[in-house]
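Please open the model in your viewer and keep the sequence beside it, since this tour moves from one selection to the next.

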Amino acid sequence: MEKKLYIDGMSCQHCVNRVTKALEDIPGVKSVKVDLSENQAVVELDHDVDDEVFKTAVYDAGYDVTHIE
Ligand SMILES: [Cu+2]
């Protein structure tokens with residue numbers, strides 16, 4: 001299972017690392033690929049994770065999830 005997150009506020013590799021780590025720390029997340037130029041993160045999941053969990057984790061890292069698909 002895969003979800004694509006659209007993320008606001010990332011501007012450099014440091015932001016990518018922060019978002020990557022925040023997402024990797026969520027139980028059920030198998031892998032994370034953050035694309036800075038597209039402002040997107042693709043997460044691969046072991047099991048479904050509620051959208052709110054992603055939003056909260058990214059928000060706590062200092063960024064915003066605008067959309068999840
Ligand atoms: Cu940055």
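What covers the buried residues of α2? Keep this question in mind while you look at the whole chain, which is a predicted model, and we will come back to it with that helix selected.

**The whole chain**

Begin with the cartoon view, where you can find 2 helices and 4 strands, and trace them along the sequence in the pattern β-α-β-β-α-β. The radius of gyration is 10 Å, close to the 11 Å that the globule rule gives for 69 residues, so the chain is as compact as a globular protein of that length. If you turn the model along its principal axes, the C-alpha atoms fill a box of roughly 30 × 20 × 20 Å. Among contacts between residues at least 6 apart in sequence, 59% join residues at least 24 apart.

**The sheet**

Next, select the strands, which make an open sheet of 4 strands in the order β2-β3-β1-β4, with antiparallel pairing. Strands β2 and β4 (64-68) stand at the edges with a single partner strand each, so one side of each is left without a neighbour in the sheet. Neighbouring strands are turned by 30° against each other on average, with direction ignored.

Now select β2 and β3, which pair in the antiparallel sense over 6 bridges, and look for V29, which stands opposite L45 in β3. These two strands form a hairpin with 4 residues between them, and N39 in the turn has a positive phi of about 55°.

Then move to β1 and β4, whose antiparallel pairing runs over 4 bridges; here the bridge partner of D8 is D64 in β4.

**The helices on the sheet**

Add α1 to the selection, and you will see that α1 packs on the sheet, touching β1, β2 and β3, while its direction makes about 160° with that of β2. Helix α2 also packs on the sheet, touching β1 and β4, and its direction makes about 155° with that of β4.

Stay with α2 and colour its buried residues, which are F54, A57 and V58. They cover an arc of only 95° around the axis, which puts them on the same side of α2. On the other side of α2, E52 and D60 are exposed. This brings back the opening question, because an answer can now be seen in the viewer: what covers the buried residues of α2 includes β1, α1 and β4. Just after α2, look at G62, which takes a positive phi of about 110°.

**The nonpolar core**

In soluble globular proteins, nonpolar side chains tend to be buried together. Here the largest nonpolar core has 15 residues, and those with the most contacts inside it are L5, I7, V19, L23, A41 and V58. The elements that give two or more residues to this core are β1 (2-8), α1 (13-24), β2 (29-35), β3 (40-45) and α2 (51-61). Select V19 and show what surrounds it: leaving aside neighbours within four places in sequence, V19 is in contact with I7, M10, V34, A41, V58, A61 and Y63.

**A last stop at K4**

Finally, select K4, which lies in strand β1. Is K4 buried or partly exposed? With 14 other C-beta atoms within 10 Å, K4 is partly exposed. Apart from neighbours within four places in sequence, K4 is in contact with Q40, V42 and E69.

Methods:
Residues are numbered from 1 along each chain as its sequence is written. This is a predicted model: local features need pLDDT of at least 70, side-chain atom pairs count only at pLDDT 80 or more; totals for chains, interfaces and linings use all residues. A nonpolar core is a set of buried Ala, Val, Leu, Ile, Met, Phe, Trp, Tyr and Cys residues joined through C-beta atoms within 7 Å. A residue is buried if 20 or more other C-beta atoms lie within 10 Å of its own, exposed if 12 or fewer, and partly exposed in between; C-beta atoms are placed from the backbone. Two residues are in contact if their C-beta atoms, placed from the backbone, lie within 7 Å. The radius of gyration is taken over C-alpha atoms; the globule rule is 2.2 Å times the number of residues to the power 0.38. Two strands pair if DSSP finds at least two bridges between them. Axes are lines fitted to C-alpha atoms, for helices over the stretch in contact, and angles run from 0 to 180 degrees between N-to-C directions. The arc is that of the directions from the helix axis to the C-beta atoms.
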